[in-house]
Amino acid sequence: MLQTCRVLRSRAGPSPGSWQPLSFDGGAFHLKSTGELTRALLVLRLCAWPPLVTHGLALQAWSQRLLGSRLSGALLRASIYGQFVAGETAEEVRSCVLQLQNLGLRPLLAVPTEEEPDSAVKTGDEAWYEGNLSAMLRCVDLSRGLLETPDPTGNALMQLKMTALMSTRLCKQLTSWVRRPGDSLELSPERLAEAMDSGQDLQVSCLNTEQTRHLQASLSRLHRVVQHARAQRVRLLVDAEYTSLNPALSLLVAALATRWNSSGEGGPWVWNTYQAYLKDTYERLRRDAEAADRAGLAFGVKLVRGAYLDKERKTARLQGTEDPTQPDYEATSQSYSRCLELMLTQVSHRGPMCHLMVASHNEDSVRQATKRMWELGIPPDGPVCFGQLLGMCDHVSLALGQAGYAVYKSIPYGSLEEVIPYLIRRAQENRSVLRGARREQELLSQELRRRLLGRSLRVSPH
């Protein structure tokens, strides 16, 4: 199989003469083993069953009591964990990534650690955040070490959850301050960047002494992660979260960008994530892109549809505020298309100073991106890349990878105890994506039937 992969990769690259639409008909599934396809089909069908997603943690605890930790763990490793997680040790992660690289895909590592909003357990516990900092620094080193060859262009990417390094309660406090009319210069990106660089005490009138101390420690952690990532030439993609946190997270990204995304640094090292399912995303993206251009800063964007729809709508109802999300899936798709067009135009104008990840499982969005890249003269392996989750949407990822596009798979790793709760939260947030994987299931079934029927025909005496 590896020889087949290498031959296909040697032919990679869209025709320079005319744009040819990619086919997402599952033809690239021939690169995967029957066992891999069978597990994928079974797991995706399981994950599309609402009770499993809703009661996942309770079911996991019940299986441990009934079967014991060892047998329960073995079943998880053979199914959900094995489908969506690279492994626990660095060796297991490298083995998984090597398989992806042989298929023309790249790793986007994610440390499965975050603080849930209003968590009362870890808030203010600096030791917990410092432990997460160590995990992030190790992830940077692992991301760099996974490159097939030393890459001076910085094509190693890594996801970063800011709520693993600072309290969600502090983020909410900062968000409420940022949203005030004529927000204070106390919280300007430039002032925060200066505080990160100098390590000097930062005084903010909206915070008490304990909150100020935690902010200072959080800024130090963020600075250390980005400093180390820049030295290792690993670009950091900061995840977006809830609307109650995002303004604070965007402020911190802007501060980091002020320091690390300057024109002489070699492109953006800190990227922000924009969620197309929010009504204000297009205007925020346009404003941020123009501001980066005026300031001479590189601009990195991961464009997603968004994963917190149900929780955002529920929160808006409870608080009696306007629903921040688009009214339906069609409106979200239109928003995604507009944001995609905006960013591809930015890339065509600014070149390597502007990077984009088209993070989507939607075939129409991917087709739009590849067509516009060709029309705008953006190379398939340039400043635009694609992203999907490990274990999902392989019919799109493989087709893109074999055509020569830069494709990253988001890869969580860690122990069962660390990763399973993380996976269940992601599944609960991505219910629509899991339910929408019916086409992928159909293509998997089709390929498995083709193999089984072909085998039966070969052994049949008739």
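Helices (H or I, at least four residues) and strands (E, at least two) are DSSP runs, numbered from the N terminus. By that rule the protein chain has 20 helices and 8 strands. This is a predicted model: local features need pLDDT of at least 70, side-chain atom pairs count only at pLDDT 80 or more, and totals for chains, interfaces and linings use all residues. Residues are numbered from 1 along each chain as its sequence is written, and side-chain values use heavy atoms, with hydrogens and water left out.

**Whole chain**

The protein chain has 462 residues, and 53% of them are buried. Buried means under 20% relative accessible area, exposed means over 50%, and partly exposed lies in between (1.4 Å probe, protein chains only). A contact means heavy atoms within 4.5 Å. Among contacts with a separation of 6 or more, 78% are between residues 24 or more positions apart.

**The barrel**

The 8 strands close into a barrel, in the order β1-β2-β3-β4-β5-β6-β7-β8, with parallel pairing. On average, neighbouring strands of this sheet are turned by 30 degrees against each other, direction ignored. Axes here are lines fitted to C-alpha atoms, for helices over the stretch in contact, and angles run from 0 to 180 degrees between N-to-C directions. Two strands pair if DSSP finds at least two bridges between them.

Three of the pairings are set out below.

| Strands | Bridges | Sense | Bridge partners or opposite residues |
|---|---|---|---|
| β1 (residues 106-110) and β8 (residues 407-412) | 5 bridges | parallel | L109 and I411 |
| β1 (residues 106-110) and β2 (residues 156-160) | 2 bridges | parallel | L108 and L157 |
| β5 (residues 299-304) and β6 (residues 354-359) | 5 bridges | parallel | V301 and L356 |

Strand β1 is mostly covered, with 4 of its 5 residues buried. Helix α15 (residues 329-350) lies across β5, β6 and β7 (384-389). Helix α15 runs at about 150 degrees to β6.

**K302 in strand β5**

K302 lies in strand β5. K302 counts as buried because its relative accessibility is 8%. Leaving aside neighbours within four places in sequence, K302 contacts Q159, L237, D239, W271, N272, T273, Y274, M357 and A359.

**The largest cavity**

A cavity is found on a 1 Å grid over the protein atoms alone, as a set of points where a 1.4 Å probe fits but cannot get out; lining residues have an atom within 4 Å of a point. Grid points are joined across faces, edges and corners, and a volume is the space filled by probe spheres set on the points. The count comes to 4 cavities of 30 Å³ or more. The largest holds about 70 Å³ of space.

Its lining consists of D239, A240, N246, L249, S250, N272, T273, Y274, Q275 and R284. Helix α12 (246-260) and strand β4 (270-275) each supply at least two lining residues. Strand β4 gives the most, with 4 residues. The lining divides into 3 nonpolar, 5 polar and 2 charged residues. Here Ala, Val, Leu, Ile, Met, Phe, Trp, Tyr, Cys and Pro count as nonpolar, Asp, Glu, Lys and Arg as charged, and the others, Gly among them, as polar.

**P189 in helix α10**

P189 sits in helix α10 (residues 189-198). P189 is partly exposed because its relative accessible area is 21%. Not counting residues up to four places away in sequence, P189 touches L251, A254, A255 and T258. P189 and L256 are 67 residues apart in sequence, yet 7.8 Å apart in space, C-alpha to C-alpha.

Notes. 1 Å grid on protein atoms, 1.4 Å probe; cavity = no way out; pocket = protein on both sides within 12 Å on 5 of 7 lines; lining within 4 Å.
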